[in-house]
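Student: Could you pick one part of this model and go over it closely with me? After that, I'd like to hear how the other parts you find worth a look compare with it in kind. Keep it chatty, please.

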Amino acid sequence: MSFVVRIDPGCRIQQDDVLYRLQIIWLIIIAPLQDLIGQADSVILLPQVTVVPGASLTTSTGSIMETRVDTGILDQMPTSLDQWLSDDGLTYIKSYGLGSIATLSLRGGAAQHTAILWNGLPLTNPMLGQMDLSLLPLGLTDRAQLVKGGVASHWGSGAVDGAIRMDNMIGFGKGLKYRLTGNLGSWKRSEGSSEIHWSQEKLSTTTRLFYRSAKNNFKYTPGPGLPEEQLENAQIENFGVLQSLGLKFDDKNILSAYVWWQDSDRGIPATLRQDQSMATQKDNAFRTMMEFRSYWDNNVSQLKLGHFRESLDYRDPLINLSSRSNFNTTLVQLTQQFNYPGPWQFGVDFRFRHTSAYIENYGRDVNEIQWTASGHVTYHNENLRSEIRARQGFFENRIIPIMPSLGLEFEVNDWLELRSRISRNYRVPTLNDRYWQPGGNQDLLPEEGWSEEISVIMNWNAIDMSSNVEVSLFNKNLENWIVWTPITGRPYWGASNLARVWSRGVESSVSFRKRWVDLVTEVKGNLNYIRSTNQERIDQPIIEEGQRLFYVPEWTGNLSAKIIYDEFEFEYQHNWTDEVLGINQRVSSFQVGCVRSGYCMKFEDLSFTVFGEVDNVWNADYFIVEGRPMPGRNFQIGVSIKN
Amino acid sequence: MIRYIFFLLIVSQSFVSAQTVADFESFDLERDTFLNGSEGQDFYRSGNVALKVDFDDEFNLWSGFSISTMTDTMTPGFTNQYSCISGSGVNESKTYSTAFIFDNAILLTEGEAAGKPVLGCYINNATYPYLSMRDGDQFAKKFGGPTGDDPDFFRIKIQKYYNGRLHDDSVVVYLADFRFDNNEEDFILDEWRFVDLKSLGPVDSLSFTLASSDVGAFGINTPTYFCIDNIITSDMTSPVDQTMADHLSVGPNPFIDHLRIEGLRVETNYRLYDLQGRMVSYGTISPENDLIFPHKLNNGIFRLSLENEYGKFFYSILRMAN
């Protein structure tokens, strides 16, 4: 059987030292591997650990993964997906400002090249092929995971450079649990979230609420020697609720259901290139899904049904513009995994996706069907795990070339592990690419290409110390990259498969953790070099052969230091991002520091946490996107109560 | 009658030198309306020019020259793409033309102005680029930048096609210019400005292209629109033919029932047009037979075209009978 392990939420894990260390080791080393391997027969049941049905059977052997688990005091602070990825320096986040649209570039790709998954179902907007990460509060989910590398053979279209998984989990037999978090910050930022969980042996229910608002009217300096200005029309207001239900018919048959409604309303502030903006954007999403999982003999069957209804309403009264788009997605996933005793395992899955979308520029309702089927074989022994997988996809009666992958993981010794992965990946053109009038091209081919990577992972663990070093080298070539260019003889631009992109680079990370009696110190750092270049010259947009992609920095780095003393945590994070090529101008490199601190008090079963954060502690003037100023030094303080 | 005489006074300086003004008023559009080619036109004709318009039926998109009577000088953005920043044509006339340039825009000379110099035209900013340059928008910058010191510009380059070739000679018109050392001299054009095009000489057509200092990877960020009105074409002969024209004499003027063309050296074809461009009489004359007897003409101004191996010559004449 396949399980994922979830640590009980708590401001600090209450065990003696040995168990505490065991759990830390579990978190750092075993849990990711457990998820990676996904084998029920290797689950270790630690005290205070609740075993719950996993959200996905899909593994990605050979990939590097980063998992966020909220076990520390500072992890209680509310955050969105983009903030987590940005603060921890895991990848480059292209943020248009505080609370504004945020997308990511993973391993030199575009935002469309990373799949965003909720409980294994793709969240990506089918019209744009990407997702605004600022709309994904982590407080509504139990676990977030970043998977780096080509994993299209696992998750289908769009997972060219990796995937982000946000998973909810259903726990049973935990009684009543609750958590309330609230915080206030600069520029009238207020944020609150709650989680109420009740479960017995057969039934489980969890209700999560989320609210965030801010005016974000911070002052900024538009340029050297210029007087400060105040950002206007940058307000945000988000509200969301996610209801989970779990029903355990018996130990082998579990049904779970989720309903996620979210509404976001925000202003689009003026860029530095304009005097004012009155534009607003409303995003609304209503997502439902159901999962039935059945364990029989050594096999697991899983059926997922999902239906998403989302809309985006953009208005700019200044220019009399109102644009509304909406889409509905229906998803079916059927997965069967055969876990025979011995080293071999097999699995198949089938995925169906129907999308209907409407926007005025399509001129009609657009319906699209995609379906894929995949199979995989894994072999594992004491030191080696290997996986061969292939996915065959179809969209709109067209065959997508078969997408194979091979992943290897080899434990050389107790402290050294090698991982390698080669895969073919693809991205189906978005609905806008195909149906936007004018310029949409229904004859577009999927973007596709090969990626290769090799990683070296070193772990040293002792009673009071642990350290980890990871170095990954990757290479990726993507053909048929979709570009919008002017169409000869027509007064508009159109989509075509013009570009070829070559991405390559090195990603490295180091962490060191040491315990000094009651004091724990932790230092982490990562440094990435990624070069992503166009291999074809294009007249317009003006792209030279060998030119770097827009908004892909070559160098990024992150360094953090944390001390934990008794119930007190303090952390400093420092991020550095190289300059990037913008559409109109280069965007300078920048460095941003962040300080966080928290203290937890215990009252019998109740824990009360106070936390605070100073972002951009050095008050740097910086931009991530040209013309979009980022905030200077800002503060937030909050409390969290839970049992 | 008085206006005919007044007209004669104007043209009597030289019968071979005449001007036609394309002012687009003949389209007789209602206020706050426009024509953008959606009615199937390839050209909009006024005076002796034809302005090219392209309309894509599939997507309802246009480029080239539109005919507009839009008056909105306040609304920014492309939803107000046909308006002129002055809210009217030259001298507050109702109708003007707004051009949207995707690549270039073409203006043809035709009729009696074909192959002749274009004397000039009036140019102004459309509301969309004017407000974009003044205030900035989501794609285009506010001219001058945050300090006002950025040396921005937005300009039209007018070149001629003649004898099938695009000539390098050009006339450049600045729709906005922030390159002055003294920022107070910076301007964004908001009134009709006369542009002298005589220096281009004889033209078959004019090509209009736009350039801006605000350029990104996707090309010009400034909205590529401008407005044009009162295009003055010359119907005079070219200097090479002037010697021949000087030997010719057309009279009497005003005439009643016949015209005499004196000074003819060779056989010559003649055509007589009314002011609506309709040919009302034609034929051949020679040194031996130099009389023209047009039939059933109303009183009014007519255009006489003479064409022989020396060239093509135009005259304005007045018929005035009891």
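**A strand, its hairpin and beyond**

Tutor: Let's begin at a turn: strands β6(A) and β7(A) make a hairpin with 2 residues between them, and Asn119(A) in that turn has a positive phi of about 50 degrees. Keep in mind as we go that this is a predicted model. On the strand side of the hairpin, β6(A) covers residues 114–118, and 5 of its 5 residues are buried, so the rest of the structure largely encloses this strand.

Now look at which way the side chains go. In a regular strand, side chains alternate between the two faces of the sheet. In β6(A), Thr114(A), Ile116(A) and Trp118(A) point one way, while Ala115(A) and Leu117(A) point the other way. Whichever way they point, all of these residues are buried.

Next, the partners. Strands of a sheet pair through backbone hydrogen bonds, in either a parallel or an antiparallel sense. Here you get both kinds: β6(A) pairs with β9(A), residues 162–167, in the parallel sense over 5 bridges, and with β7(A), residues 121–122, in the antiparallel sense over 2 bridges. For a couple of concrete pairs, Ala115(A) has Ala163(A) as its bridge partner in β9(A), and Leu117(A) has Pro122(A) as its bridge partner in β7(A).

Some of these names come back when you ask about the core. The largest nonpolar core has 60 residues, and the members that touch the most others are Leu81(A), Leu117(A), Ala163(A) and Ile164(A). Take Ile164(A): leaving out neighbours within four places in sequence, it is in contact with Leu81(A), Thr114(A), Ile116(A), Leu117(A), Ala144(A) and Leu146(A). Another core of 54 residues lies apart from that one, with Leu51(B), Tyr122(B), Val203(B) and Ile232(B) among its members.

That takes us over to chain B, where helix α2(B) is an enclosed element too. Of its 9 residues, 127–135, 7 are buried, so α2(B) is largely enclosed by the rest of the structure. The buried ones are Thr127(B), Tyr128(B), Pro129(B), Tyr130(B), Leu131(B), Ser132(B) and Met133(B). They pack against four strands of chain B: β9 (153–162), β10 (165–177), β11 (187–188) and β16 (225–234). Just past the end of α2(B), Gly136(B) has a positive phi of about 80 degrees.

Also in chain B there's an open sheet of 3 strands, in the order β17-β18-β21, with antiparallel pairing. β17 (249–251) and β21 (291–292) of chain B stand at the edges with a single partner strand each, so one side of each has no neighbour in the sheet. β17(B) pairs with β18(B), residues 259–262, over 3 bridges in the antiparallel sense, and Gly251(B) stands opposite Arg260(B) of β18(B).

Stay at Gly251(B) for a moment, as there's a backbone oddity there. Most residues other than glycine have a negative phi, and most peptide bonds are trans. The bond joining Gly251(B) and Pro252(B) is cis, though, with omega about -5 degrees, and Pro252(B) sits in the loop between β17 and β18 of chain B. Chain A has a cis bond as well, from Gln437(A) to Pro438(A), with omega near 5 degrees; Pro438(A) lies in the loop between α4 (431–435) and β25 (447–462) of chain A.

As for positive phi outside glycine, Asn119(A) back in our hairpin turn has company. Tyr551(A) has a phi near 55 degrees and lies in the loop between β28 (519–534) and β29 (555–565) of chain A. With 19 C-beta neighbours inside 10 Å, Tyr551(A) counts as partly exposed, because the buried class starts at 20. Asn619(A) also has a phi near 55 degrees, in the loop between β34 (606–615) and β35 (623–625) of chain A. Asn619(A) has 12 C-beta neighbours inside 10 Å, so it counts as exposed.

Last stop, the place where the chains touch. The contact takes 25 residues from chain B and 23 residues from chain A. On the chain B side, the elements giving two or more residues are β4 (49–56) and β5 (61–68) of chain B; β5(B) gives the most, with 3 residues. That side of chain B divides into 9 nonpolar, 10 polar and 6 charged residues.

Notes. Residues are numbered from 1 along each chain as its sequence is written. Chains are lettered from A and ligands numbered from 1 in the order in which they are written. This is a predicted model: local features need pLDDT of at least 70, side-chain atom pairs count only at pLDDT 80 or more; totals for chains, interfaces and linings use all residues. Two strands pair if DSSP finds at least two bridges between them. Two residues are in contact if their C-beta atoms, placed from the backbone, lie within 7 Å. Ala, Val, Leu, Ile, Met, Phe, Trp, Tyr, Cys and Pro count as nonpolar, Asp, Glu, Lys and Arg as charged, and the others, Gly among them, as polar. A nonpolar core is a set of buried Ala, Val, Leu, Ile, Met, Phe, Trp, Tyr and Cys residues joined through C-beta atoms within 7 Å.
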